Amino acid sequence: MEKDNAMSSSKTELSITRLIRAPRALVWEAWAEPRKFEKWWIPAPMICRVLKMDLRAGGGFETQMSEIGTDFTPHLDSCFLEIVPQQKIVFTTALSEGWQPVDPWLAMTAIMTMQDEDGGTRYTARALHRNPEEKQKHDEMGFYQGWGSALEQLARLVEAGS
């Protein structure tokens with residue numbers, strides 16, 4: 001897993017990329033099927049619950065998180081902006097389902113791309129922020145550790161053939 005240096009030079013963008021040794025169809029399935037998605041989206045030992053995953057422009061994307069044995073709390077309430085099956089997923093925390101504006105604790109647009117590479121899938125996640133201060137806030141919150149752990153969990157899941 002690596003920071004994408006070409007993209008992270010931006011004043012408002014954080015990014016991470018990894019070559020996953022699995023076909024793009026499996027990576028897409030791990031994103032598109034809520035039960036599979038819940039297995040990797042939030043770094044362990046936290047667990048994820050999908051409330052909404054309407055994979056279409058304007059569709060809702062809502063998750064909750066919990067430590068084992070504790071109540072679930074809100075994690076993400078966002079809106080998909082663009083979906084290109086097996087290639088690209090774009091969502092924003094600045095909107096919720098149906099393009100409804102919200103005031104999130106951290107406004108960002110996330111762009112996930114999946115491309116064939118060396119018999120596997122090059123998965124890149126980019127987080128675009130309103131300004132350099134919000135980028136820094138997200139970085140200091142542990143962007144690379146958190147998103148990196150989730151990406152590692154995704155890779156393990158699909159490389160095992162799930």
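Analyst: In this predicted model, a helix is a DSSP run of H or I covering at least four residues, and helices are numbered from the N terminus.

User: What follows H4 in the chain, and what is the sign of its phi?

Analyst: H4, which covers residues 132-140, is followed by Gly-142, and the phi of this glycine is positive, near 105 degrees.

User: What makes the contact of Asn-131 at the start of H4 a polar contact?

Analyst: The cut-off is 3.5 Å between N or O atoms, and a side-chain oxygen of Asn-131 comes to within 3.1 Å of the backbone nitrogen of Glu-133. The pair therefore falls inside the cut-off.

User: Why are the buried residues of H4 said to line one face of the helix?

Analyst: Buried means under 20% relative accessible area, and in H4 the residues that meet this are Glu-134, Lys-135 and His-138. Seen down the axis of H4, they fall within an arc of 105 degrees, so they line one face. A helical turn takes 3.6 residues, so positions three or four places apart point the same way. On the face turned away from the buried side, H4 carries Glu-133 and Glu-140, both exposed.

User: Why is the chain called as compact as a globular protein of its length?

Analyst: The chain has five helices and ten strands. Its radius of gyration is 15 Å, close to the 15 Å that the globule rule gives for 162 residues, so the chain is as compact as a globular protein of that length. Along the principal axes, its C-alpha atoms fill a box of roughly 40 × 40 × 30 Å, and buried residues make up 46% of the chain.

User: What makes the largest nonpolar core a core, and which residues have the most contacts inside it?

Analyst: A core requires buried residues of nonpolar kinds, Trp, Phe and Tyr among them, joined through side-chain atoms within 4.5 Å. The largest such set has 37 residues, and those with the most contacts inside it are Trp-31, Trp-40, Trp-41, Phe-91 and Tyr-123. Among the elements that each supply at least two of its residues are strand S2 (13-20), helix H2 (24-32) and strand S10 (120-129), while H5 gives the largest share, nine residues. Tyr-123 touches, beyond four places in sequence, residues including Ile-16, Trp-31, Trp-40, Met-112 and Leu-154.

User: How do you know where the predictor's confidence is under 50?

Analyst: Confidence is scored from 0 to 100, and pLDDT stays under 50 over residues 4-8, for which the model has 13 contacts beyond four places in sequence. Over the chain, the mean pLDDT is 93, and 94% of the residues reach 70 or more.

Note on methods:
Residues numbered from 1 in each chain as written. Predicted model: local features only at pLDDT ≥ 70, side-chain atom pairs only at ≥ 80, totals over all residues. Heavy atoms only, no water. Contact = heavy atoms within 4.5 Å. Buried < 20%, exposed > 50% of the residue type's maximum accessible area, 1.4 Å probe, protein only. Arc of directions from axis to C-beta. Polar contact = N/O pair within 3.5 Å; in protein donor to acceptor, adjacent residues only side chain to side chain. Rg over C-alpha atoms; globule rule 2.2 N^0.38 Å.
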